[in-house]
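Student: I would like to learn how to read the fold of a protein chain from its structure. Could you take me through one example, feature by feature?

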Amino acid sequence: MQGVVSAVEAIMMASSSEFVEYVAGQLAGAGNITYRKMFGEYGIYCDGKFFACACDNQFLVKITEAGKKFMPDGRTASPYPGAKPCFLIDDLDDREFLRELTAITCAALPAPRPKKRRAGTAARRQGEE
């Protein structure tokens with residue numbers, strides 16, 4: 001039946017691109033904010049560090065010790081069953097708070113690992129010359 005959503009789909013609806021674009025806009029000024037689609041939802045990055053996700057049109061930020069000090073009573077939720085809990089950020093209109101939380105969280109996270117080249121990539125490139 002067209003237009004009918006199952007109970008599972010009603011609970012687990014993918015985030016809209018409009019929601020993710022709004023969140024990214026609210027984070028402007030916190031660093032280079034990028035996002036990419038991952039398993040039907042979105043991973044959100046600041047200066048190359050994965051620090052948050054958008055799941056079911058909810059903004060979830062990784063929990064760090066510094067983040068706990070900044071938001072000791074922060075509400076938490078898991079982005080999907082079995083995942084580590086994250087801070088669930090309800091107030092997306094307070095840009096200063098969002099920027100500060102992003103900066104604090106990303107400062108506490110390790111630098112992204114350099115991407116490994118595939119074994120065949122270098123050999124193919126040499127063969128192309």
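Tutor: We shall go from the order of the elements to the sheet, then to a helix, the cores and a single residue. Please keep in mind that this is a predicted model.

Student: Where does one begin, and how many helices and strands does the chain have?

Tutor: One begins by listing the elements in sequence order. Here the chain has five helices and six strands, and read from its start they follow the pattern α-α-β-β-β-β-α-β-β-α-α. Of the 129 residues, 32% are buried, and among contacts between residues at least 6 apart in sequence, 51% join residues that are at least 24 apart.

Student: How are the strands arranged in the sheet, and which are the edge strands?

Tutor: In general, strands of a sheet pair through backbone hydrogen bonds, in either a parallel or an antiparallel manner. In this chain the six strands form an open sheet with antiparallel pairing, in the order E1-E2-E3-E4-E6-E5. The edge strands are E1 (33-38) and E5 (76-77), each of which pairs on one side only.

Student: What can one read from the individual bridges of strand E4?

Tutor: One can follow E4 (residues 58-61) towards each of two partners. With E3 (residues 49-55) it pairs in the antiparallel sense over four bridges; Val-61 is the bridge partner of Ala-52, and Leu-60 in E4 stands opposite Cys-53. The hairpin of E3 and E4 has two residues between the strands, and Asp-56 there takes a positive phi near 55°. With E6, which runs antiparallel to it, E4 is joined by three bridges, and Phe-59 stands opposite Ile-89 in E6.

Student: How do I read a helix against such a sheet, and which residues of H2 are buried?

Tutor: One looks at which strands the helix crosses, and then at which of its residues are covered. Helix H2 (residues 17-26) lies across E1, E2 (41-46), E3 and E4, running at about 155° to E1. Helix H4 also packs on the sheet, touching E1, E2, E3, E4 and E6 (86-89), and its direction makes about 130° with that of E3. The buried residues in H2 are Phe-19, Val-20, Val-23, Ala-24 and Gln-26. Seen down the helix axis, these buried residues fall within an arc of 160°, so they line one face of H2. They pack against E1, E2, E3, E4 and H4.

Student: Which residues have the most contacts inside the largest nonpolar core?

Tutor: That core has 23 residues, and those with the most contacts inside it are Leu-27, Ile-44, Phe-51, Phe-59, Val-61 and Ile-89. Two or more residues come from each of H2, E2, E3, E4, E6 and H4, with H2 giving the most, namely four. A second, separate core of five residues includes Cys-53, Leu-60, Cys-86 and Leu-88.

Student: As a last exercise, is Thr-102 buried or exposed?

Tutor: The test is relative accessibility, for which the cut-off for a buried residue is under 20%. Thr-102 lies in helix H4 (residues 95-108), and because its relative accessibility is 1%, Thr-102 counts as buried. Leaving aside neighbours within four places in sequence, Thr-102 is in contact with Leu-27, Ala-30, Ile-33, Cys-46 and Phe-51. Two of these names, Leu-27 and Phe-51, are already familiar from the largest nonpolar core.

Note on methods:
Residues numbered from 1 in each chain as written. Predicted model: local features only at pLDDT ≥ 70, side-chain atom pairs only at ≥ 80, totals over all residues. Heavy atoms only, no water. Buried < 20%, exposed > 50% of the residue type's maximum accessible area, 1.4 Å probe, protein only. Contact = heavy atoms within 4.5 Å. Pairing = 2+ DSSP bridges. Axes fitted to C-alpha atoms, helices over the stretch in contact; angles between N-to-C directions. Arc of directions from axis to C-beta. Core = buried A, V, L, I, M, F, W, Y, C linked by side-chain atoms within 4.5 Å.
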